[in-house]
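Dear colleague,

I am handing over a structure that will be new to you, and you will find the sequence and the model just below. After that I set out what was found in it, starting with how some helices pack and then turning to the empty spaces.

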Amino acid sequence: MNKVLLIIQREYLTRVKKRSFVIMIFVVPLLILAMGAVIKFIAKKSGEITSLQTVNVVDSTGAFAGQFHNVPNIKFQTLNVTLAQAKLSSKENEDVFTLYIPAKFNPKAPIQIYSKKKPPLPLTTQIEKQMNDIAIANSFKEQHIDTAIVNHIRKTDISVSPVELTETGDKKTSMGANIGVGISCAILIYMSIFIYGAQVMRGVIEEKTNRIIEVVISSVKPFQLMLGKIIGVGLVGLTQFGAWTVLSVVAAKVAGQSSQVGIMNFLSAIQTIPFGFILGCFVFYFTSGYLLYSALFAAVGSAVDSETETQQFMFPITLPLLFTYILSVSVLFQAPNSPLAVWLSIIPFTAPVAMMVRLPFDPPVWQIAVSMALMVVGFLFTTYVASRIYRVGVLMYGKKASFKELSKWFFYKE
Amino acid sequence: MLSIRHIVKQYAGHTALNDVSLEVESGKIFGLLGPNGAGKTSLIRIINQITAPDSGEVYFNGERLNQSHIERIGYLPEERGLYKKMEIGEQIVYLARLKGLSRHEATKRIKYWFEKLQIENWWHKKVEELSKGMQQKAQFVATVLHEPELLILDEPFSGFDPVNAEVIKDEILELNRKGATILFSTHRMESVEELCDSIALINKSQKILDGKVKAIRKSYRNDTYLVEYAGEQISFNGNEPFEQLAELGEDDGAYMVKLKLKPGADSNSVLQYFIPRVRVNMLQEVIPTMHEIFIEKVNQIG
């Protein structure tokens, strides 16, 4: 056992000491922050009108002119000129738009707005809204209905705000944040299982091609070496996640202090999520999923002489997880309690991703329990299978491995 | 020291070792010989407990081989390697700790060995920065650091230049003098005669010969001599106490012949025949080298 600790220590330290590891710890949160800033910047650019925009209305029908009302930063003015003249002024000034309502106006057909630059989205929405209102008001007038009454009746503004019933009292929930957290956890687990699993595989191949394997397994059992490597690399993964979590919280706090409304909203949405519970499940499913898959990766590594030969084995191994991943980000979160989602979240090969997506939707406790128990059984099983292939594989050179060959190795005696 | 009894090892489709038995005496240098693919590595892996035999037993100092013996064996595999990206010093400490040494003890001993081999400044070098021969040296240190009672060396001199091969050979002999038993696997026969006390010859998964080197060579004596003489060339008529096997030619007035004694004759009778006729430059008994015995044995069986 002491020797396994030594192996874990070496696998862990050689990776953590690498410069690339330290850089990754700081670069990834920075990238996420930068990405957030860029998205916010772009959203701001296209979402808000910051300078005064003038809309020249050329109305051939006469039904709309004069009925537009100004809103902050958007000024409407009716021009009694031809379209060509109006277009000219828009050509000169990029903050001037020309809205042309033709004589043969059809309320179902689009009408044209001319400008030097693309009109911002809020501007066109504002025009559409006002024109619809005007068209409706005109129609009411034609039918001799009092528009004052109509306006009074239409003064409603309904939106739906979800409130979750819990034992401790009603609380506000944010479905969007829940889905977001679930899916990003699933993506993170999916990616990290492959990233760290591949590291295990590469480590095994390295030992095999370096031929150090024979020296090492004359001192320890192949199983101890495999286990030590898997645990060591897994701890590297957990260290990385730990560092990222701490850094993100710090970064969010710092960003929160500059009291930007967007981030505050985001934070308050985050707070509606059972953070500890999700984090605990994340650690569990990452660890067990990683153990399950990395054992298989180790077996693949032991069976080949170089990384290029791994392709034929990698595909069938990665398929179940890839399949679940694609389903998860596309449909599972829309139907978190469908039979497909339930089964995927219970089968060990797919559970790490599928269950993370389901978690925010409060799946029954017994399903979580069964899923977790099966995860443990699953990784014990794959570790057993992998170790039997591994112990033979690491000493085999120049033999083209196939699945048939691997199953033979499995049944070899010591 | 090491007793190997009736080992059988089969891999899918072929037998690697077929009922092989060996005795390695304590404190001696034992040579395990055989062509490539004969089963040497399979046997060594069994002694190192990397694999287990299908049947048969191995005894280490009278005890059935078990995990506790791992720390008393040092193994230098033929295909050797180290972690490329790891510093040499750290790496040897790691390997030594896997063999049960403490970090402190390992560090102390590595310093001693590095000084001895004049590689003190290598501690922080990475393996990829070293030449192949230098890596071998480092690996040798890693093999002997835990002062094993049994040292298993698979082709220890391959990859060394003659100077360093000599250095390593001296170190091996010194370890042997200090009491380590050495099991030495090779297919290069010339190194066997000067180093090994005993040998075993393995071919096609079977042991075909074993014993002390001197005794084996003696048993292959066949009364053959080489004679070089100067003077007039003698033509033999069949009445000599020997038969001529071959005439090896003339060089600057000296003739060389290969003879086989007739029954009852000895080297003196050869001299008595030659001395009155010519001047004898040299008389040498032809004892087959291990190499020749090896080839002969392998071909006989083959």
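In chain B, α4(B) and α5(B) are roughly parallel to each other, because their axes cross at roughly 5 degrees and angles under 35 degrees count as roughly parallel. Please keep in mind throughout that this is a predicted model. The two axes come within 12 Å, with α5(B) covering residues 162–177 and α4(B) covering residues 132–144. On the α4(B) side the contact is made by Lys137(B), Phe140(B) and Val144(B), while α5(B) brings Asn164(B), Ile168(B), Glu171(B), Ile172(B) and Leu175(B). By class, this contact has five nonpolar, one polar and two charged residues.

A second helix pair lies across the two chains: the axes of α1(A), residues 2–16 of chain A, and α2(B), residues 88–98 of chain B, come within 10 Å and cross at roughly 160 degrees. That angle makes α1(A) roughly antiparallel to α2(B), and the crossing is left-handed. Here Lys3(A), Leu6(A), Ile7(A), Gln9(A) and Arg10(A) of α1(A) are in contact with Tyr94(B), Arg97(B) and Leu98(B) of α2(B), and these residues divide into four nonpolar, one polar and three charged.

Within chain A, the axes of α13(A), which spans residues 351–358, and α14(A) also cross at roughly 160 degrees, and they come within 11 Å. This makes α13(A) roughly antiparallel to α14(A), again with a left-handed crossing. Ala351(A), Pro352(A), Met355(A) and Arg358(A) in α13(A) meet Gln367(A), Ile368(A), Ser371(A) and Met375(A) in α14(A), a contact that counts five nonpolar, two polar and one charged residues.

The helix α14(A) returns when one looks at the second largest pocket, since it gives the most to the lining of that pocket, with five residues. The pocket has a volume of about 1200 Å³, and of the 47 residues that line it, the closest to its centre are Leu395(A), Tyr11(B), Ser42(B), Arg45(B) and Thr51(B). Both chains contribute elements with at least two lining residues each, namely α8 (222–257) and α14 (365–393) of chain A, together with β1 (2–11), β2 (14–24) and α1 (40–47) of chain B. By class, the lining has 17 nonpolar, 13 polar and 17 charged residues.

As for enclosed spaces, the count comes to two cavities of 30 Å³ or more. The largest cavity has a volume of about 70 Å³, and its lining takes Val215(A), Ser218(A) and Ser219(A) from chain A, and from chain B Gly74(B), Tyr75(B), Leu95(B), Ala96(B), Lys99(B), Ala142(B), Thr143(B) and His146(B). The elements that give two or more residues to this lining are β6 (73–76), α2 and α4 of chain B, and by class it has five nonpolar, five polar and one charged residues.

The second largest cavity has a volume of about 40 Å³. Ser218(A) and Ser219(A) appear in its lining too, alongside Ile217(A), Val220(A), Lys221(A) and Pro222(A), with Asn48(B), Gln49(B), Gln67(B) and Ile70(B) from chain B. These lining residues divide into four nonpolar, five polar and one charged.

With best regards

Terms used:
Residues numbered from 1 in each chain as written. Chains lettered and ligands numbered in written order. Predicted model: local features only at pLDDT ≥ 70, side-chain atom pairs only at ≥ 80, totals over all residues. Heavy atoms only, no water. Axes fitted to C-alpha atoms, helices over the stretch in contact; angles between N-to-C directions. Helix = DSSP H or I, 4+ residues; strand = E, 2+ residues; numbered from the N terminus. Parallel < 35°, antiparallel > 145°, perpendicular 65-115°, else oblique. Left-handed = near helix turned anticlockwise from the far one by under 90°. Contact = heavy atoms within 4.5 Å. Nonpolar A, V, L, I, M, F, W, Y, C, P; charged D, E, K, R; others polar. 1 Å grid on protein atoms, 1.4 Å probe; cavity = no way out; pocket = protein on both sides within 12 Å on 5 of 7 lines; lining within 4 Å. Points joined across faces, edges and corners; volume = space filled by probe spheres on them.
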